[in-house]
Amino acid sequence: PPAAPAAAAAAPTPPAPLVIDLNKILAEATKDDPDARQAAEVAKQWLERLQIDLGPALKAGLKGTAVGLRIGANELNRIAEEKARQIQEEGRMLTERRGRLIGFKVMRNGHAVGQVDAELNLDRVLGTVLSLTNGAEGEIPFAIDTDKKVYTPRPRDRATLESLDLTGPAAARAGRPWIVAKHDDPSGITFGIARPIGASLDEIRRAALDNLGLGLFVIVIALAGVFPLSSRMTRNLTTLTQGVNRIAGGDLHTRVPVRSHDEFGQLAQAFNRMTEDLESHQKMLVERERLQRELELCRQIQNDMLPHEMLRLGLTEVNGVSIPAREVGGDFFNYFLLPDGQMALLVGDVSGKGVGAALLMANIQATLRARLPLELDLAALTDAIDREVERTTPRGVYLTLFVGILDPRQKTLRYVNAGHNPQFLLRRAGGLERLQGTGLPVGLFSGHGYKENAVQLGDDDLLFFYTDGMVETENAGSEMFGTERLEALLQESRTRKVNDLLARIESAVREFRGTAEPFDDATMMALRLGAPDPEAPPA
């Protein structure tokens, strides 16, 4: 941009003196050349003499020259500043390129006010550009200007290119034996390349024919081997299909012949092993069903041995319930009247599961029913049963047992707790008492003896008996029902009738267990004491 105009009142700046230091110029020019330095010394002496002789005249001439140069420089600066201001403020420059000609237009307010034209040497420019193309595969690069003149870096290729009709409209075309590709540049020049393909096409044709012949040969060989193989495969598959149909019809003795040791032979062997396994599994299922029926029969017998009706003696009533697990277990409860009008109360749990535990449970119940009317000493009776169980059962088989005799007239309960859970006594006035153990489980370590305890009862007191399956019931999270929950339920339902109490506790246990499978029977029995009925007939 032009410099800002000086203030009108400012004084003109005097021109700077023009100084030419020839000594410095000669020293810089000859510092690396000894011979030139010697010649410079000679020239310096001549210059000194000339300066003495011509110094005044030279200074006057140089001063006039400097003034002229300064005036010319100022004029050139003014013209350049005016031209730059004109271009900056009023116009812009556009360039158009067409073939050989390059035109620069000067625009002002959207109108062309001038143009500078130039002409390129296309032979040199295009020759340099096209010579960069790799011609290893016989390619011929070329260019066509706006006058349809063809340029190529090698003049000997011009005749070949002219025979290919390069001026057609197609950008790429294939012919025999050349393929040509072109591109039209915005400058008006067309660039392209031509490549011979005759040899490549011949190679492709030969390779295609060789591949076709080889493919046909392989197909013939394959067909020759497929027909016998497919026939054998079909025969083997037909045999296997017939065997499967016979198995589906229920014939588990079906076997198929093994005719080879290949995959079909292995498949036939696997089929025969499968039929053998099916046959053995079928036998196992039949045996399991038989055992299941026997277990169901045992469970039914076990259930039939338990009381199914409430027993009332005056205002005293007793009832029990068992929540069975899937397997046959050894839980039992029972209550019955003795000849002297007293009531026998039994709760027991045989260790283990299955038929053995159920048989021992049935044997103990039968023994107690037979001996209780004859043996008044519960400790002696329990000790005798303890010794008998250890003598007649395998090692490790034992049972926990609670035996009680209730005298409803005297309102007393005599009992022996042989390793059983503490049973509960809920007083009418409130409070809960536990009937603790008085000896070891029956059949575990015989000979240690048992102690008989007695407890005084009152009207409307509640006795609750249960087995460990009740408090050890688990839910889906492996959490036990526990004694605390049972005691809380008893305190909450202590005023209910016996049947209502049992139903409430059974519902709570089932709700707590949820979808979890029971692993042990849960047995419970409840007795509520009342005043004796004087009109009741003797048992």
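This report describes the confidence, sheets, helices and aromatic contacts of one predicted protein model.

Residues are numbered from 1 along each chain as its sequence is written. Because the model is predicted, local features need pLDDT of at least 70 and side-chain atom pairs count only at pLDDT 80 or more, while totals for chains, interfaces and linings use all residues; side-chain values use heavy atoms, without hydrogens and water.

**Confidence**

The predictor's confidence in each residue is pLDDT, on a scale from 0 to 100. Its mean over the protein is 78. Of the residues, 75% reach 70 or more. Residues 6-10 stay under 50, and the model gives them zero contacts (heavy atoms within 4.5 Å) beyond four places in sequence. Residues 170-175 are also below 50, yet this stretch has 14 contacts beyond near neighbours in sequence.

**Strand E4 and its partners**

Helices (H or I, at least four residues) and strands (E, at least two) are DSSP runs, numbered from the N terminus. Buried means under 20% relative accessible area, exposed over 50%, and partly exposed in between, with a 1.4 Å probe and protein chains only. Strand E4 covers residues 140-144. Five of its five residues are buried, so E4 is largely enclosed by the rest of the structure. Ile140, Phe142 and Ile144 point one way from E4, and Pro141 and Ala143 point the other way.

Two strands pair if DSSP finds at least two bridges between them. E4 runs antiparallel to strand E8 (residues 190-196), with five bridges. E4 is also antiparallel to strand E5 (residues 150-151), with two bridges. Ile144 takes part on both sides: it stands opposite Thr190 in E8 and opposite Val150 in E5. The hairpin of E4 and E5 has five residues between the strands, and there Lys148 takes a positive phi near 65°.

Ile179 lies in strand E7 (residues 178-184). This residue is partly exposed, with a relative accessible area of 37%. Ile179 and Ala194 are 15 residues apart in sequence, and their C-alpha atoms are 5.8 Å apart in space.

**The five-strand sheet**

An open antiparallel sheet has five strands in the order E11-E12-E13-E14-E17. Its edge strands are E11 (331-337) and E17 (453-456), each pairing on one side only. The twist averages 15° from one strand to the next. Strands E13 (residues 399-407) and E14 (residues 412-418) pair over seven bridges in the antiparallel sense. Asp407 stands opposite Thr412 in E14.

**The six-strand sheet**

Six strands form another open sheet with antiparallel pairing, ordered E9-E10-E19-E18-E15-E16. E9 (311-313) and E16 stand at the edges with a single partner strand each, so one side of each has no neighbour in the sheet. Here, too, the twist averages 15° from one strand to the next. E15 and E16 pair antiparallel over four bridges. Leu426 stands opposite Leu432 in E16.

**Helices on the sheets**

Angles run from 0 to 180 degrees between N-to-C directions, and axes are lines fitted to C-alpha atoms, for helices over the stretch in contact.

| Helix | Strands touched or crossed | Angle |
|---|---|---|
| H7 (residues 355-371) | E11, E12 (343-350), E13 | about 15° to E11 |
| H8 (residues 378-392) | E13, E14 | about 25° with E14 |
| H10 | E15, E16, E18 | about 25° with E15 |
| H11 | E10 (316-323), E18, E19 (522-528) | about 20° to E10 |

Which residues of H10 are buried? In this helix (residues 482-492) they are Gly482, Leu486, Glu487, Leu489 and Leu490. They pack against E15 (423-426), E16 (432-435), E18 (462-466), helix H9 (468-471) and helix H11 (498-513).

**Aromatic contacts**

Rings of Phe, Tyr and Trp (its six-membered ring) pair if their centres lie within 6.5 Å; planes under 30 degrees apart count as stacked, over 60 as edge-to-face, and the rest as tilted. The whole structure holds six such pairs. In one of them, the ring centres of Phe481 and Phe512 are 5.4 Å apart and the planes meet at 75°, so the pair is edge-to-face. Phe481 sits in the loop between H9 and H10 and Phe512 in helix H11, so the pair ties together parts 31 residues apart in sequence. Phe481 is buried at 3% relative accessibility. Phe512 is buried at 15%.

Phe402, Tyr415 and Phe465 form one aromatic cluster. A charge sits over a ring if NZ of Lys or CZ of Arg is within 6 Å of the ring centre and within 35 degrees of the ring normal. Arg369 lies over the face of Phe336, at 4.4 Å from the ring centre.
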